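Subject: Structure handover

Hello,

Here is the structure I said I would pass on. Please open it and keep it in view while you read the notes below.

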Amino acid sequence: MPFFIQNVTKCAICNQVIDNCYDAAQLPYIHPKVSSSLAQLARRFVHRSCWREWKDVNLFSTAAFNLAKQVNSHDTALQIEFASDGLIVFWVAAMNSYRLHDFKLLVTIDIPVSEAFRMGNHIVSAFLKKDFPSIFLIGDCIWKARRDDSGNLEFTIKEGGQIADKFIVSIDRQSCWVNAMKEIIAQGTQKVGEIPTVSTSGY
């Protein structure tokens with residue numbers, strides 16, 4: 001399995017060195033029947049910027065999404081709670097947490113069930129409201145959300161004072177994220193016995 005080494009690992013798309021861990025995303029698996037050449041890139045790292053502009057991004061992300069749904073449909077360790085438009089939310093029983101995979105953005109987030117209500121509400125608010133908490137604490141991580149002039153949201157996650165991850169949720173992906181977060185809130189609150197109160201306006 002490839003490991004990321006800052007200033008050493010090269011992008012599988014442009015073949016240039018990736019300077020920072022938060023600029024890197026790891027490619028998921030796809031079935032070789034889709035494309036044997038693209039399948040060989042599985043688990044390699046790419047610049048997030050290169051991924052967004054890559055000519056094969058739609059083919060790769062769709063193939064990875066379909067494979068993940070198929071493989072994990074019989075996996076008792078991973079239960080699919082939500083799957084739509086390239087995004088899957090798994091319930092990971094062993095970790096007592098949710099795992100969100102956005103195959104179109106190459107973003108993976110683990111959300112402990114104890115944080116599902118708070119985190120879901122923070123992210124939904126960021127997408128749906130003009131005035132939202134731009135900085136919030138989830139576990140030991142500080143999340144910062146910033147909306148650009150086009151309506152895209154950039155999330156920066158700091159851990160131990162260092163940037164651990166940074167990604168953009170484009171405006172065309174936000175409806176899917178809102179629906180996924182609402183599902184996480186609903187399922188998570190059932191597990192911990194809380195009552196969800198989420199605004200349903202905006203989408």
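One open sheet is built from four strands in the order β7-β8-β9-β10, with antiparallel pairing. Strands here are DSSP runs of E with at least two residues, helices are runs of H or I with at least four residues, and both are numbered from the N terminus. Two strands count as paired if DSSP finds at least two bridges between them. The edge strands, β7 (135-138) and β10 (162-169), each pair on one side only. On average, neighbouring strands of this sheet are turned by 20 degrees against each other, direction ignored. For such angles, axes are lines fitted to C-alpha atoms (for helices, over the stretch in contact), and the angles run from 0 to 180 degrees between N-to-C directions.

This is a predicted model, in which local features need pLDDT of at least 70 and side-chain atom pairs count only at pLDDT 80 or more, while totals for chains, interfaces and linings use all residues. Residues are numbered from 1 along each chain as its sequence is written, and side-chain values use heavy atoms, with hydrogens and water left out.

Four bridges join β7 to strand β8 (residues 141-147), and the two pair in the antiparallel sense. One of the partners to look up is isoleucine 138, whose bridge partner in β8 is cysteine 141. Helix α4 (residues 116-128) packs on this sheet and touches β7, β8, β9 (153-159) and β10; contact means heavy atoms within 4.5 Å. The direction of α4 makes about 160 degrees with that of β7.

A further open sheet has four strands in the order β3-β4-β5-β6, and the pairing is antiparallel. Its edge strands are β3 (78-84) and β6 (107-112), each pairing on one side only. Here too, neighbouring strands are turned by 20 degrees against each other on average, direction ignored. Strands β4 (residues 87-92) and β5 (residues 97-102) run antiparallel and are joined by six bridges. Isoleucine 88 has histidine 101 as its bridge partner in β5.

How many disulfides does a search of the whole structure find? The search finds zero, a disulfide being a pair of cysteine sulfur atoms within 2.5 Å. For cysteine 11, the nearest cysteine sulfur is that of cysteine 14, 3.8 Å away. Cysteine 11 is buried, at 1% relative accessible area; buried means under 20%, exposed over 50%, and partly exposed in between (1.4 Å probe, protein chains only). Cysteine 21 is also in no disulfide, and the nearest cysteine sulfur, that of cysteine 141, is 12 Å away. Cysteine 21 is partly exposed, with 32% relative accessibility.

Regards
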